[in-house]
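Dear colleague,

Please find below the structure that I am handing over to you. My findings follow it, grouped by region.

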Amino acid sequence: MLLNRKQSGKRWHLRPDGAPKVTGQLQYLTDMTLPDMIHGRVLRSEYPYARILSIDTSEAEALDGVYAVLTSKDVPGLNRFGIATPDQPVFCEDIVRYVGDAIAAVAADSPERAALALDAIRVEYEELAPLNSTDAALAPGAPELHEHGPGNVLHRTEIKRGDTEQAFATCDHIVTETYYTPRQMHAYMETEGGLFVPDEEGRLNVYAATQHGYKDRMQLARIIGCPEEDIRVVSSPIGGSFGGKDELNVQPYGALLALRCWRPVKMHNSRKESVRAGLKRHPMKIEMKTGMSQEGIIQAHRVRITADTGAYATLGAPVLNFCTEHCLGPYAIPHVDVEGISVYTNNGLSGEFRGFGGNQAIFAMEGQMDRLAEIMKMDPWEFRRRNMREKNDPGPLNQRILVTDGLSQVWEALDRSELWQKHQSPPADPTLPPWIKRGVGAAIAMHGAGLGYGIPDPAGGRLSLNNEGKIEVAFSYEEFGQGLIATLEIMLCDLFQCSTSDLSIIIGDTDRVPHSGSSTASRSTTMAWMALQRLQTPFRSRALTVASEMSGIPADELVTGPGGIWRKGQLTAETSEVESESGFIVSYAELATQGKAAEWIFDTKFDYPTTPDNVVGGHYLYTYAAVAAEVEVNTLTGETKLLDTRHVVAAGPVINPMGFIGQIEGGSVMALGFTLTEDAVMQDSRYVTTNLDTYLIPTIQDIHTNLEVEAIEDLPEGDAFGPRGIGEIGSVALAPAITAAIHQATGVWVNRLPVPREQLVRPLNVPLQEGVSPS
């Protein structure tokens, strides 16, 4: 199915949160206020690496309007947090490890007074030389940033099979290249913040953006030293996350200040503080050596991945696992030698980010494929087909995966696309000046969904008929712009042929929803669909049985529909329009009065599907994508413009075409920044780029108007997993497609992102020979 803004084979569903968002009426969590609210701020380290000699808070505590000043001695429970590895201090005790480290927190009657209180705190440091690169951190004799060692290594990974050294010795052609990717900002519109409210029952209510409310509640309970049930986390709506708010940020400080003062405390990071303390995409160095036979069949692949996780673990280990898994691409390679290492440094924190390490790996692997194809003088798309895994082959880690035709389908669809034909026969354009060069490139990707084997990944949901007569669905997922609420509405309307006015959707509130797992890893759509498949039959059975008892009409002659229960044949299934008012039997509100409320509640619990093999981090479900991109390069300035793209995505049935396109478009724009402009530059472990005025995210001027999305909805017969999430697949393959297009346009092989403009500048009188890679 070809999707664009003007046409689709399916109905378009307007987002219920769309109008409030575009009109500014929606209240985000950081917009919330209360009459007796006070304001919290955090004092952060002046140095990337230093020993704390003393902290004097007396002057700050003496200021009028200051209600609390907290340091490490005021943490009643665990003075650490971190989803996977709790190694980040709430407040540093004796060492600071990056410029975002928290030393103290204050609460005052105004933001200005809180800022004055921070200025009044006196901290004496002994500055230490920072480990400002992975090389420095791994050097012999480097100071260890964490006691749990060894050295400054957070995590190691490897994939070994066959005999790569022997295989390389027999290869006819070998390509060796090192790829570098940047430290990218999430650049969400709503920076970190929230409102923290103790209530009359002694509980703490947390209104703060997160992608996993239950995980936040667990971590906060450890910090506060209380039962998890004493904390309520409300986590929607969110003004953007992309993985950046999956880890705790302001929550520990707002919670501790609110409990100390027993008043509502509001916290909201400025953009500069968000840049300083927030997570970024892991910068990586990926060294690849790939060898093939004379026939163009890849025989051996050696990879060394080095990731800078920054001062603390966050999700550095799982990100490295994912990158390791995806650096083999969707290719059948008999001899493999992959090693990955995630390294502690004194740089800013790296953590979860849309694509989760796949972006870096796919950029490198697809770059290798293009270089190998050029050596073979072969069409790069045909070269990929020659080396692609068959659908029944094991996954990258030699694990069993769910079998689909997605990989071959996206390859074939892109191969016949008009845009890719331009690569094979580039049209001449005499109107272009000689310094403007155009090219077309393509890339392909398979991208794992879910958290992967060995990581707890519970799922579930609740379906009920509430006291107001609404079909109510409850999940612990969050709405952070991806269109989850619209997707749930469509699923429910399709299942019960009801109208949106019959629905109540509850998400992101630990007091009101079951534990459904995190809103990450492209899992929410699949898990919600699977939960509803399990819940629809018992819910419908009870509804029709009760309606039959009330009306005397056999249950098998009744169906659910708009407003309530209908007699079969009185409803047009395609439109849910009433054909005859006499067909209406009983309303949902009337049904809800029959029996006990608990009899109308249905729950399900299950685990997200992981590979059944004992392969840590391996995935069972994959989505597939192929991307073609046309670029225009100005060889006088080095500027690259993206002119046209074609995305082909195999992710199962499309629930909402508008949401599907929105996710691919959004992922593409984020990938465009990753490729051409974005880099949170650090110098001596301090951010040079401290705000969005010097950080170049794509604007509307940079976004081309020609973007086609083709959705392949086929799934094998009996597939039990339904629609796959597509929040990440649109972001992972554009970078190598763009750099391949740059190569066709200029002959330059790009191995570093964002693309260095100076690498593309050429004097008018010096033609660049094809394949030349400048030093």
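A helix here is a DSSP run of H or I with at least four residues, numbered from the N terminus. Helix α8, which spans residues 271-277, contains Ser274 in this sense. Please bear in mind throughout that the model is predicted.

Ser274 has a relative accessibility of 6% and therefore counts as buried, the cut-off being under 20%. Beyond its neighbours within four places in sequence, Ser274 is in contact with Tyr188, Thr191 and Glu192, as well as with Asn269 and Lys280.

A second buried position is found in helix α10, residues 358-375, where Ala373 lies. Its relative accessibility is 1%, so Ala373 too counts as buried. When residues up to four places away in sequence are not counted, Ala373 touches Met378, Pro380 and Phe383. As for distances along the chain and in space, Ala373 and Thr526 are separated by 153 residues in sequence and by 36 Å from C-alpha to C-alpha.

I turn next to a helix pair. Two packed helices are described by the angle between their axes and the distance between the axes. For helix α11 (residues 380-387) and helix α12 (residues 406-415), the axes come within 11 Å and cross at roughly 160°. Angles over 145 degrees count as roughly antiparallel, so α11 is roughly antiparallel to α12. The crossing of α11 past α12 is left-handed. On the α11 side, the contact involves Trp381, Glu382, Arg384 and Arg385; these meet Trp411, Leu414 and Asp415 of α12. Sorted by class, the contact of α11 with α12 comprises three nonpolar and four charged residues, with no polar ones.

The last region is a sheet. Five strands form an open sheet in the order β8-β16-β15-β14-β9, and their pairing is mixed. The edges are occupied by β8 (153-161) and β9 (173-181). Each of these has a single partner strand, so one side of each is left without a neighbour in the sheet. From one strand to the next, the twist averages 5°.

Strands of a sheet pair through backbone hydrogen bonds, either parallel or antiparallel. Within this sheet, strand β14 (residues 284-292) pairs with strand β15 (residues 298-310) in the antiparallel sense, over nine bridges. One residue pair may serve as a reference point when you inspect the model: Met284 has Ala307 in β15 as its bridge partner.

With kind regards

Key. Residues numbered from 1 in each chain as written. Predicted model: local features only at pLDDT ≥ 70, side-chain atom pairs only at ≥ 80, totals over all residues. Heavy atoms only, no water. Pairing = 2+ DSSP bridges. Helix = DSSP H or I, 4+ residues; strand = E, 2+ residues; numbered from the N terminus. Axes fitted to C-alpha atoms, helices over the stretch in contact; angles between N-to-C directions. Parallel < 35°, antiparallel > 145°, perpendicular 65-115°, else oblique. Left-handed = near helix turned anticlockwise from the far one by under 90°. Contact = heavy atoms within 4.5 Å. Nonpolar A, V, L, I, M, F, W, Y, C, P; charged D, E, K, R; others polar. Buried < 20%, exposed > 50% of the residue type's maximum accessible area, 1.4 Å probe, protein only.
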